[in-house]
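Hi,

Here is the model we talked about. Have a look at it first, and then read on for my notes.

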There are 2 protein chains.
Amino acid sequence: MGIRIGVLGATGAVGREMIKVIEEYGLDVDELRLLASPRSEGTKIPFRGSDITVHAASPSSFEGLDYVLGAVGKTQAREYAPYIVESGAVFIDNSSAFRMDPDVPLVVPEINGSDALNNKGIISNPNCSTIITCMAVAGINRLSPIETIVASTYQAVSGAGQGGLDELEQQVNAYVNGEEYEIKKFPEQIVMNVIPFIGSMTGNGYTDEEMKMQNEGRKILHLPELRATCTCVRVPVMRSHSISVTVKTKRKVFVAEAEAAIDSFPGVSVTFDMNGRDYPTPIDTSGRDDVYVGRVREDLVDDRSLTLWCCGDQIRKGAASNAVQILKFVEENK
Amino acid sequence: MGIRIGVLGATGAVGREMIKVIEEYGLDVDELRLLASPRSEGTKIPFRGSDITVHAASPSSFEGLDYVLGAVGKTQAREYAPYIVESGAVFIDNSSAFRMDPDVPLVVPEINGSDALNNKGIISNPNCSTIITCMAVAGINRLSPIETIVASTYQAVSGAGQGGLDELEQQVNAYVNGEEYEIKKFPEQIVMNVIPFIGSMTGNGYTDEEMKMQNEGRKILHLPELRATCTCVRVPVMRSHSISVTVKTKRKVFVAEAEAAIDSFPGVSVTFDMNGRDYPTPIDTSGRDDVYVGRVREDLVDDRSLTLWCCGDQIRKGAASNAVQILKFVEENK
């Protein structure tokens, strides 16, 4: 008997990508149940050659499902989680609602997949920039434990969902046609600009988005003492996030061994030749699952640090693909 | 008697801005002589209500001038420098040709203006990202000497001159109209992308552009032991560069004293309210001389470090305005 999967938030950018990824991965699916808010009731989404109708989610929507992939905000995730768990399905949630809950595993399958097997009905999918950064440095962490991370991000508008994609598209058209910018999702125009503020301010001067690198990084990498300083910046790019990262390890790691460890880590590639360049850009990496790393070099400030650049598709590995990979990992190891 | 100024490379993006800045600053100019390559011979550029004709530069072009502002590449700067010096003019050069020459002052007037007074006929204008970063941290450096800098840049296309501006403009139009991208100045499409490579590769894995932060920073800030790790990234922004910076000082500097020192530093403002935001973006700061700083916060990795964000117009303070300010400083202090 195949798997019965629900997608909660099926009509958003991440929800739609989850459906694509399920199809691409060739999972043995018996039922795909698409759920969203009442205003999306009746929307049809293609899956394996036919259309599936989206239904409005309700507390009784989850009966008979094995897994529910969550692609909704944290408020809705909190609202529906009890019903999902009660129905017996495993909730793989892309929101931040449960990520720091000690009873909820926070999982990037290639790094800490086995954590997912100890779930109590909920597994959290990490923050997008954190997934991509952790994937990029996980190989180094196996050579010597990472002590600190300094990261500056170049985050695509897809991180703000379909509305973010629409806003950049509107503004780029408005730029060319001399029309007004519609500014709704972002605090300032994003076309021809970068915005050094994502999320909401916390008490220490960092945004909640920036604190995820340290908080979620500790849980994913099993590094409870990890310290991370992060600056999150929105850039006018559609889908792929990039991060400039400096990592300090317990012992000095050399560039050659770091590159070998990164490149042999599953789901990660060191970019040796990408369209004639030895570094990745967002455009190269959009629509792909892998995380790409380049510019690995000795840090000039600290003898035990390395500096590198990484890119990964925010909607794929940063959200939808990672969630489906968690599902696959749990299913294959149950 | 007023000043006689030559502009070498008068038709490029920086050269044209120098002419604008000279006009705006109300310098007492007796003669403005505009020089460029032979293909620009006869071009007319407005200055104080009339047009000045551009002439092809030759070894004898500099006779009778007090200052020559250089807005050409390093090869041409090296070619013309001996003729300029021989003519008795002071050459204020925006290229990288002489920046690391121990006989040539490398000057940001607010930081080390007096160095300019010890010139032997040539004064170098620093790299654009380095000027903006040094301005942002100079106030902190007065509180306690800076030991290290970790910087990731978000550099505007104007850094590649008029050709860079034209390339982004062509590509943004091509994006909207579904046409082909012209890729000449940058190694990959820059619209809807970011490119983590500026300049040319050096032997240590860093580009020459990235090494300028350490090499030029040491000279400008009078910090011969400064260590700086820099990642230079091109972003689809027209004019203003942004830099995410972490600085480590000899003693711990607190956020409040750092903000006060930055804000009281001439030519630098801490952004307390810019269109309702307490951080600057490139769009806010384009066309302005000041460097703007925001997001000053305690670093989470190191107790003696601060992390901050800064923006400054690459063509203004990053190039043209700084060069004219050097001229003004030398003129007023001669």
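The copies meet through the same surface, because 100% of the interface residues of chain B are also interface residues in chain A. Do keep in mind that this is a predicted model. The contact itself takes 47 residues from chain B and 48 residues from chain A. On the chain B side, β9, α5, β10, β11, α8, β13 and β14 each put in at least two residues. Sorted by class, that side of chain B comes out as 24 nonpolar, 16 polar and seven charged residues.

As for how the copies are arranged, a turn of 180° with a shift of 0.0 Å along the axis lays chain B on chain A, at an RMSD of 0.0 Å. The two are therefore related as by a two-fold rotation axis.

Next, the domains. Chain A splits into domain 1 (3-126 + 319-332) and domain 2 (129-314), and their C-alpha centres are 24 Å apart. Where they touch, domain 1 of chain A gives 13 residues and domain 2 of chain A gives 20 residues. On the domain 1 side, the elements with two or more residues in that contact are α3 (109-112) and α9 (316-332) of chain A. By class, this side of domain 1 has seven nonpolar, four polar and two charged residues.

Now the sheet in chain A. This is an open, six-stranded sheet with mixed pairing, in the order β10-β9-β11-β14-β13-β12. β10 (227-231) and β12 (268-270) of chain A sit at the edges with a single partner strand each, so one side of each has no neighbour in the sheet. On average, and ignoring direction, neighbouring strands are turned by 25° against each other. At the β12(A) end, that strand pairs with β13(A) (residues 291-298) in the parallel sense over three bridges, and A:Val268 stands opposite A:Val291 in β13(A).

Two helices of chain A lie across these strands. α4 (residues 128-143) of chain A crosses β9, β11, β12, β13 and β14 of chain A, running at about 40° to β11(A). α6 (residues 208-221) of chain A lies across β9 and β10 of chain A, at about 145° to β10(A).

Over in chain B, I spent some time on β9(B). How many of its nine residues are buried? Eight are, so β9(B) is largely enclosed by the rest of the structure. β9(B) pairs with β11(B) in the antiparallel sense over eight bridges, with B:Ile146 opposite B:Thr249 in β11(B). β9(B) also runs parallel to β10(B), joined by five bridges, and there B:Val150 stands opposite B:Thr229 in β10(B).

One residue to click on is B:Cys310, in strand β14 of chain B. Is B:Cys310 buried or exposed? B:Cys310 has 31 other C-beta atoms within 10 Å, and the cut-off for buried is 20 or more, so B:Cys310 counts as buried. Leaving out residues up to four places away in sequence, B:Cys310 touches B:Ile132, B:Thr133, B:Ala136, B:Ser242, B:Ile243, B:Val245, B:Val291, B:Tyr292 and B:Val293. B:Lys328 comes 18 residues away from B:Cys310 along the chain, and their C-alpha atoms are separated by 25 Å.

Cheers

Conventions. Residues numbered from 1 in each chain as written. Chains lettered and ligands numbered in written order. Predicted model: local features only at pLDDT ≥ 70, side-chain atom pairs only at ≥ 80, totals over all residues. Contact = placed C-beta atoms within 7 Å. Helix = DSSP H or I, 4+ residues; strand = E, 2+ residues; numbered from the N terminus. Nonpolar A, V, L, I, M, F, W, Y, C, P; charged D, E, K, R; others polar. Domains from an automatic or database assignment. Least-squares fit on C-alpha atoms with pLDDT ≥ 70 in both. Pairing = 2+ DSSP bridges. Axes fitted to C-alpha atoms, helices over the stretch in contact; angles between N-to-C directions. Buried ≥ 20, exposed ≤ 12 C-beta atoms within 10 Å, placed from the backbone.
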